[in-house]
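Here is my note on the structure you asked me to look through, set out as numbered points. Please read each point with the structure open beside you.

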There are 2 protein chains.
Amino acid sequence: MAVESSTSERLMTTAADLFRRKGYAQATTRELADALGIRKASLYYHISNKEDLLFAISMHSLGHILEAVGTAAAAATEEERLRVLIQAHVVTSLSERDMHTVMLTELRALSPEHLATVIAERDRYEALLRDVIADDQEAGRLRTDIDAKLLTLSLLNVLNWTIFWFDPADDLTPERLGEVLAAVFIEGAIGR
Amino acid sequence: MAVESSTSERLMTTAADLFRRKGYAQATTRELADALGIRKASLYYHISNKEDLLFAISMHSLGHILEAVGTAAAAATEEERLRVLIQAHVVTSLSERDMHTVMLTELRALSPEHLATVIAERDRYEALLRDVIADDQEAGRLRTDIDAKLLTLSLLNVLNWTIFWFDPADDLTPERLGEVLAAVFIEGAIGR
DNA sequence: GTCTATATTGTGATAGAC
DNA sequence: GTCTATCACAATATAGAC
């Protein structure tokens, strides 16, 4: 049930909130236990170590956005697909903002094995974006003086930095932001 | 002299390189001392503590980009000003990539007093961008269906995420990247 | 300006009772 | 599933000699 809040279920969201605010390295297991209302040692009944938690957060977040954005893009017409994709990315990433931010910014704290797994998943996501852009270029819907790789990196710029300044308390909604970023990127990616 | 490399002069660039690669919290004073070829304790002849080093790096980086971008924008015609500004930002930020990245991503490790000082300087920089964008809107050179604040945040997205993927070893030069990002953002900010 | 030696604190994690 | 108690270690920083 989505409303359950057992210690196990709260662990990942509580850790994500903590890791985003303080950074993974500066967040302590004591702070995490305090936020959950249990003792430090009790954490280790639920997790094997701190880094596992970071890995779980990263994989959950990537699975979530891959599913949401992939589904939205597949259901759209070719003409609207890029706009739908950007909108879905902004709304989805901000709906799990803590986990998404941690996934994007705490890569270097992962073990080599976990890092490789997360990077492979991030590459899958970026390939999804690049395929849409390349297809739009081939169909004449986007400019071709900038290659698909560089245009995709430009799109990742437009999308990803948002996590550092978006404030849910502002009156800017994720939906409106999605429209703005889609408008700026797509019209810039069409060119004059 | 620019070619000097006394311990004092190497300290800030060596620390910036380390802080960018490992993160401020995970980078140790031992690693920094090792990279400099001295003992850990000897660091404290040059600095008062680790956080001071982060503050010095952040302020140096902000002073550098404020000066370079401000000068470039002031020397340009109104029609070319935004393009010149974006180009100068990309080239300048990547010319001191380590310090610039640390300044952008390690804010939360600063003491409250240092944090306030750095934020004030970042606000000055962002005001410079917003003033150019607002002026371009008033003169009819940019779309007005997105307000200046949101358009500025969109520009910061386009510019800032670059630090996470730009690789000096690639064949993409900062100059070419500046052209691409300027083209995408400006044409998107003009609209159809 | 750099050294050796050390103080002090905080960290992730485990043992074993309940 | 959570607790108390504790281990083992790594961190920043200082004292004082050279």
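1. Read from the N terminus on, the elements of chain A run α-α-α-α-α-α-α-α-α, and the count for this chain is accordingly given as nine helices and zero strands. Please keep in mind throughout that this is a predicted model, and that every value in this note is computed from it.

2. As for the overall dimensions, the C-alpha atoms of chain A fill a box of roughly 60 × 40 × 30 Å when the box is taken along the principal axes. Of the 192 residues in chain A, 50% are buried. If one takes the contacts in this chain between residues at least 6 apart in sequence, 69% of them join residues at least 24 apart.

3. Helix α4 of chain A, which covers residues 50–75, offers a simple check that you can repeat yourself. At 1.5 Å a residue, its 26 residues should span 38 Å, and because its end C-alpha atoms are 38 Å apart, the expectation and the model agree. The expected span is found by multiplying 1.5 Å by one less than the number of residues.

4. Which residue caps the N-terminal end of α4(A)? The cap is A:Asn49, which has a side-chain oxygen 3.2 Å from the backbone nitrogen of A:Glu51. A:Glu51 is also listed with the buried residues of α4(A), and that list includes A:Leu53, A:Leu54, A:Phe55, A:Ile57, A:Ser58 and A:Ser61, as well as A:Val69 and A:Ala73. Among the elements of chain A that cover these buried residues are α1 (7–22), α2 (29–36), α5 (81–95), α6 (97–105) and α7 (112–138).

5. The relation between the two chains deserves a careful look. Chain B is superposed on chain A by a rotation of 180 degrees with 0.0 Å of shift along its axis, and the RMSD is 0.0 Å. The two copies are thus related as by a two-fold rotation axis. In chain B, the C-alpha nearest this axis belongs to B:Gly188, at 1.8 Å from it. Because 100% of the interface residues of chain B are also interface residues in chain A, the copies meet through the same surface.

6. Two residues show contacts that reach from one chain to the other. A:Asn160 lies in helix α8 (residues 148–160) of chain A, and with a relative accessible area of 6% it is buried. Leaving aside its neighbours within four places in sequence, A:Asn160 is in contact with A:His89 and A:Leu104, and also with B:Trp161 of the other chain.

7. The second of these residues is B:Arg122, found in helix α7 (residues 112–138) of chain B. Is B:Arg122 buried or exposed? Its relative accessibility is 15%, and because a residue under 20% counts as buried, B:Arg122 is placed in the buried class. Neighbours within four places in sequence aside, B:Arg122 is in contact with A:Trp161 and with B:Leu62, B:Met103, B:Leu104 and B:Leu107.

8. Turning to the DNA, there are 15 residues around strand D, of which A:Arg39, A:Ser42, A:Tyr45, A:His46 and B:Thr29 come nearest. Of the atoms of DNA strand D within 4 Å of the protein, 61% belong to sugar or phosphate, and the rest belong to bases. A phosphate oxygen of this strand is 3.0 Å from an N or O atom in the side chain of A:Thr7, and for the side chain of A:Ser42 the distance to a phosphate oxygen is likewise given as 3.0 Å. A base is approached as well, for a polar side-chain atom of B:Lys40 lies 2.9 Å from a base nitrogen of DNA strand D.

9. Around DNA strand C there are also 15 residues, and those that come nearest are A:Thr29, A:Lys40, B:Arg39, B:Tyr45 and B:His46. Sugar and phosphate make up 59% of the atoms of DNA strand C that come within 4 Å of the protein. A polar side-chain atom of B:Tyr45 lies 2.6 Å from a phosphate oxygen of this strand, while the side chain of B:His46 has an N or O atom 2.8 Å from a phosphate oxygen. From chain A, a polar backbone atom of A:Ala27 is 3.4 Å from a phosphate oxygen of DNA strand C. By class, the surface near this strand has six nonpolar, six polar and three charged residues.

Note on methods: Residues are numbered from 1 along each chain as its sequence is written. Chains are lettered from A and ligands numbered from 1 in the order in which they are written. This is a predicted model: local features need pLDDT of at least 70, side-chain atom pairs count only at pLDDT 80 or more; totals for chains, interfaces and linings use all residues. Side-chain values use heavy atoms; hydrogens and water are left out. Copies are superposed by least squares on the C-alpha atoms of residues with pLDDT of at least 70 in both. Contact means heavy atoms within 4.5 Å. Helices (H or I, at least four residues) and strands (E, at least two) are DSSP runs, numbered from the N terminus. Buried means under 20% relative accessible area, exposed over 50%, partly exposed in between (1.4 Å probe, protein chains only). A polar contact is a pair of N or O atoms within 3.5 Å; within protein, one must be able to donate a hydrogen and the other to accept it, and residues adjacent in sequence count only if both atoms are side-chain atoms. A residue is near a molecule or strand if one of its heavy atoms lies within 4 Å of it. Ala, Val, Leu, Ile, Met, Phe, Trp, Tyr, Cys and Pro count as nonpolar, Asp, Glu, Lys and Arg as charged, and the others, Gly among them, as polar.
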